[in-house]
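New to this one? Here's a quick briefing to read alongside the sequence and the 3D view, grouped by topic.

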Amino acid sequence: MATESVTDLREKLYKSNNRPKEFTKKSNNKHKGYFNRGVPRSKYDDYNTEEREEELQRVKSGIQQQKLFSADDCSEIEKKIDKVVKLSDIGLYKEHTVDRAPLRNKYFFGEGYTYGSQLTKRGPGSERLYSKGDVDEIPKWIHRLVITPLYKANVIPEGFVNSAVINDYKPGGCIVSHIDPPHIFERPIVSVSFFSESALSFGCKFSFKPIRVSKPVLTLPMARGCVTLLSGYAADHITHCVRPEDIVSRRAVIILRRVRDDAPRLEPLLEVVSPSRKRVIMTVDSDSDSCQGEKNLSDSSSDDNIKPVKVNSKVICLSEDLNHKDGRSHTTCSPKSVKR
């Protein structure tokens, strides 16, 4: 697996801070500033003590936490998360359900959306939901073991959740500073932590090669079995992230959200017939021994006249498989079967 060759980001961070003096001396002026640059600065580093305290209180006003899941509850849920990983590894989920990164995998259920490097147009507000059905439904165990207890504890109103994401981090994994897109998700944003303790940091700035993170406005402990809700200022006006140094062992989080009714969505992709290789959709008439061809070929080879073809459980005959007799095309009763 490709991720096995990736070095722990904490190790990279350590090595970058402990380069041999000889190496630094030999570095030319072109690279000297690159290797000696320090931790990035965020706008909050310029705040005075009073301003920083005010910012801290604003962030805290939008955070709620409570320990809801016992050690036994966590163990049961963690076994289910392990099963999700196994099902993913053998390819049993839809394409957009799984998003892999070197030290962090995401599993989208119910709803998924484009973000980060997946966007053709970058910037806040560019995110889009995938088409309906492009990701797998929320597993029943998430409803039973995670969502229902939250409803019963009045943490969120019943029926609120229609999107669930599992983030599975390896040691040294991270997720860069971001705000959950408000045009996609309603508030609050609910998360439940598993496997180990970690922290959520607010107001950080990342730099890369090597990866470094500025001083947070707030570092919020995330204990195993802890439920965290973000709303108001903490959700909408300051970024949050998970730093590499805060993932010291495997950690998973289940994020539960509600997708807005008016959230923008990608258009579904349609299968298009190639003009250079036309094909005929064949159906088998159960009342006879003959195969009947549907009228899916256009009289023109122009791309403008090529119509989308939806393929279900029908049999496909390629046009070169047709027998030409007396200048006319005839289909046989034993067309090639196409593996689906």
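## A quick tour

In strand β13, Ile-254 is the residue that stands opposite Val-192. Keep in mind that this is a predicted model. With that starting point in hand, the bullets below work outwards from the strand that holds Val-192, β6.

**The big picture**

- The protein has 340 residues, and buried ones make up 41% of them.
- Its secondary structure comes to 7 helices and 18 strands.
- Take the contacts between residues at least 6 apart in sequence: 77% of them join residues at least 24 apart.

**The seven-stranded sheet**

- One open sheet is built from 7 strands, and reading across it you get β1-β11-β6-β13-β4-β3-β2, with antiparallel pairing.
- At its edges you'll find β1 (63–67) and β2 (98–101), each of which pairs on one side only.
- From one strand to the next, the twist in this sheet averages 15 degrees.
- As a bit of background, strands of a sheet pair through backbone hydrogen bonds, and they can do that either parallel or antiparallel.
- Helix α6 lies across β3, β4 (163–169), β6, β11 and β13 (251–257). Relative to β13, α6 runs at about 70 degrees.

**Zooming in on β6**

- How many residues of β6 are buried? The count is 6 of the 6, so β6 is largely enclosed by the rest of the structure.
- Ile-189, Ser-191 and Ser-193 point one way from β6, while Val-190, Val-192 and Phe-194 point the other way.
- On one side, β6 pairs with β11 (residues 226–230) in the antiparallel sense, over 4 bridges.
- Across that pairing, Val-190 stands opposite Leu-229, and the bridge partner of Val-192 is Val-227.
- β6 is also joined to β13, by 5 bridges, and these two strands run antiparallel as well. That's where the facing residues Val-192 and Ile-254 from the opening come in.

**The four-stranded sheet**

- A second group to look for is an open sheet of 4 strands, in the order β5-β12-β7-β10, again with antiparallel pairing.
- β5 and β10 (218–222) stand at the edges with a single partner strand each, so one side of each has no neighbour in the sheet.
- The twist here averages 20 degrees from one strand to the next.
- β5 and β12 (residues 240–242) run antiparallel and are joined by 2 bridges. Ile-175 stands opposite Val-242 in β12.

**Rings and charges**

- There are 6 aromatic pairs in the structure.
- What kind of pair do the rings of Tyr-113 and Phe-185 make? Their centres are 5.2 Å apart and their planes sit at 80 degrees, so the pair is edge-to-face.
- That pair links distant parts of the chain, 72 residues apart. Tyr-113 is in the loop between β3 (104–109) and α6 (140–152), and Phe-185 is in the loop between β5 (175–178) and β6 (189–194).
- Tyr-113 and Phe-185 are both buried.
- Phe-108 joins in too: ring pairs link Phe-108, Tyr-113 and Phe-185 into a cluster.
- Phe-185 also has a charged residue for company, as Arg-257 lies over the face of its ring, 3.9 Å from the ring centre.
- Elsewhere, the charged end of Arg-250 sits over the ring of Phe-195, at 4.0 Å from the centre.

**Cysteines**

- How many disulfides are there? The count comes to 0.
- For Cys-74, the closest cysteine sulfur is in Cys-226, and at 10.0 Å that is too far for a bond. A disulfide would need the two sulfur atoms within 2.5 Å.
- Cys-174 tells a similar story: the closest cysteine sulfur, in Cys-241, is 8.2 Å from its own, too far for a bond.
- Are these cysteines buried or exposed? Cys-74 has 1% relative accessibility, so it counts as buried. Cys-174, at 16% relative accessibility, counts as buried too, because the cut-off for buried is under 20%.

Note on methods
Residues are numbered from 1 along each chain as its sequence is written. This is a predicted model: local features need pLDDT of at least 70, side-chain atom pairs count only at pLDDT 80 or more; totals for chains, interfaces and linings use all residues. Side-chain values use heavy atoms; hydrogens and water are left out. Rings of Phe, Tyr and Trp (its six-membered ring) pair if their centres lie within 6.5 Å; planes under 30 degrees apart count as stacked, over 60 as edge-to-face and the rest as tilted. Buried means under 20% relative accessible area, exposed over 50%, partly exposed in between (1.4 Å probe, protein chains only). A charge sits over a ring if NZ of Lys or CZ of Arg is within 6 Å of the ring centre and within 35 degrees of the ring normal. Two strands pair if DSSP finds at least two bridges between them. Axes are lines fitted to C-alpha atoms, for helices over the stretch in contact, and angles run from 0 to 180 degrees between N-to-C directions. Contact means heavy atoms within 4.5 Å.
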